[in-house]
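Subject: Structure handover and findings

Dear colleague,

Please find below the structure that I am handing over to you. My notes on it come after the model.

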Amino acid sequence: MAVSKVGVKIHPTAVVHPQAELGEGVEVGPYAIIGEHVKIGDGTWIGPHVVIDGWTVIGRDCQIHAGAYIGAPPQDLKFKGERSFVVVGDRNIIREYVTIHRASGEDEETRIGDDCMLMAFAHIGHNCQVGNGVIMANWVGVSGHVVIEDYVNLGGMVGIHQFVRIGKLAMIGGHSKVVRDVPPFMLADGRPAKVYGLNLVGLRRHGVAPEVRENLKRCFKLLYRSGLNISEALKRIEEEVEMSEEVRYLVDFIKRIREGRKGRQLEAPRE
C-alpha cells in the first residue's frame, strides 16, 4: 500500500496493489483483488472474492460482500479505454455479486451516494447517478446514464432503460420494465411501468407533513385521474394547489421532461 494505516487487515490470499490507498480499519477478505488506482475509506469491510478496479473511490464504513465487482470497464462500444471513475459514498451495503461499472468518456463518473443498499446481483451501468438512501432489491438492472434520486426503492428484477430518471421517494414494483421517467413521490409498476399511486408510506416515513401529503394527492389526481393532458394538469396544480417544497419539486421535475431534457418522456397522464 502507498500509505500504512492503523488497523488495516488484509487476508494473505488477497491481492492489493502497492499503490492502492486503504483507510484506517479497512478489512480485505480472502482472494479479494484491489487495483492500483483504488481508494477505500476508513472502516470499510471487503468480503471474499471482491474485485475493486479502475479509478474507484469507496467511502467510509461500507460493506462489500462476496463476489462484488466495482470499477469494471463499461459495457459500451464507444468506450476506448479512457480514464473514468466509480465514486461510492459512505455507509453503503453492497451485497453478493453486485456489479458497478465505470463511466464511458474521459474523466466521467458513475456515482453512488450514501446509505444505499444494493442487494445481490444488482447491476449499475456506466455513467449512472444514484442518490442517497436508495434500495435496490435482488437482480435490479440499471442501464447506462440513468439518474436515480434520493430514497428511491426498486423491487426485485426491475429493469431500467438508458437515460431514464426516477424522482426521489418513488417506488417501483418488482419485475417492472421502466422505459419512461418516473416523477418523485410516485408508485409505479408494470411492463412497461406506469404510475398508479402516491408513495404515502415513504412520505410519512420521511417526515413529510400531512398537509403536504394531501396536496401531493391532489397533484396526483390532476396528473393521472382527471383526464387532463400534462400541460393542463400542471396549470391546474399551479392555480389550485398550495405550493410547498415537495409540490414545487414535482412540478419542476415534470416541466423538465416536457421541455425536452435528455431522457425518456413522461407517460401520458390519461388512464
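The notes below cover one asparagine, the largest pocket, a helix, some backbone features and a glycine.

Please bear in mind throughout that this is a predicted model.

I begin with N199, which sits in the loop that links β28 (193-198) to α1 (200-205). This residue has a relative accessible area of 8%; because that value falls under 20%, N199 is classed as buried. Two polar contacts involve its side chain. One is with the backbone oxygen of L169, which the side chain of N199 reaches at 2.8 Å. The other is with the backbone nitrogen of G202, which lies 3.1 Å from a polar atom of that side chain. When neighbours within four places in sequence are left aside, the residues in contact with N199 are L169, A170, M171, F185, M186 and L187. L169 thus appears both as a polar partner of the N199 side chain and in the list of contacts.

G202 also leads to the largest pocket, since G202 is among the residues that lie nearest the centre of that pocket, together with Y151, N153, R205 and H206. The lining comprises 13 residues, and the space in the pocket amounts to about 200 Å³. Helix α1 gives the most to this lining, with three residues. By class, the lining residues are seven nonpolar, five polar and one charged.

Helix α2 covers residues 210-224 and has 15 residues. From its first C-alpha to its last, α2 reaches 21 Å, close to the 21 Å expected at 1.5 Å a residue. Its buried residues are V212, R213, N215, L216, C219, F220, L222, L223 and Y224. Of these I single out N215, a member of helix α2. How accessible is N215, and does the value make this residue buried or exposed? Its relative accessibility is 11%, and N215 counts as buried because this is under the 20% limit. Not counting neighbours within four places in sequence, N215 is in contact with V241, E242 and V247.

Several points of backbone geometry may also be of use to you. The peptide bond from R191 to P192 is cis, with omega near -5°. P192 itself is placed in the loop between β27 (186-190) and β28. Two residues other than glycine have a positive phi: F121, with phi near 70°, and H175, with phi also near 70°. F121 is found between β16 (117-118) and β17 (123-124), in the loop that joins them. With a relative accessible area of 36%, F121 is partly exposed, because this value is between the limits of 20% and 50%. H175, for its part, lies in the loop between β25 (171-172) and β26 (177-178).

The last residue to report is G155, whose place is in the loop between β22 (153-154) and β23 (159-160). G155 has a relative accessibility of 15% and therefore counts as buried. Setting aside residues up to four places away in sequence, G155 touches A137, V140, I172, G173 and G174. The C-alpha atom of G155 is separated by 13 Å from that of F121, and the two residues are 34 residues apart along the chain.

Kind regards

Key:
Residues are numbered from 1 along each chain as its sequence is written. This is a predicted model: local features need pLDDT of at least 70, side-chain atom pairs count only at pLDDT 80 or more; totals for chains, interfaces and linings use all residues. Side-chain values use heavy atoms; hydrogens and water are left out. Helices (H or I, at least four residues) and strands (E, at least two) are DSSP runs, numbered from the N terminus. Buried means under 20% relative accessible area, exposed over 50%, partly exposed in between (1.4 Å probe, protein chains only). A polar contact is a pair of N or O atoms within 3.5 Å; within protein, one must be able to donate a hydrogen and the other to accept it, and residues adjacent in sequence count only if both atoms are side-chain atoms. Contact means heavy atoms within 4.5 Å. The expected span of a helix is 1.5 Å times one less than its number of residues. On a 1 Å grid over the protein atoms alone, a cavity is a set of points where a 1.4 Å probe fits but cannot get out, and a pocket is an open set with protein on both sides within 12 Å along at least five of seven lines; lining residues have an atom within 4 Å of a point. Grid points are joined across faces, edges and corners, and a volume is the space filled by probe spheres set on the points. Ala, Val, Leu, Ile, Met, Phe, Trp, Tyr, Cys and Pro count as nonpolar, Asp, Glu, Lys and Arg as charged, and the others, Gly among them, as polar.
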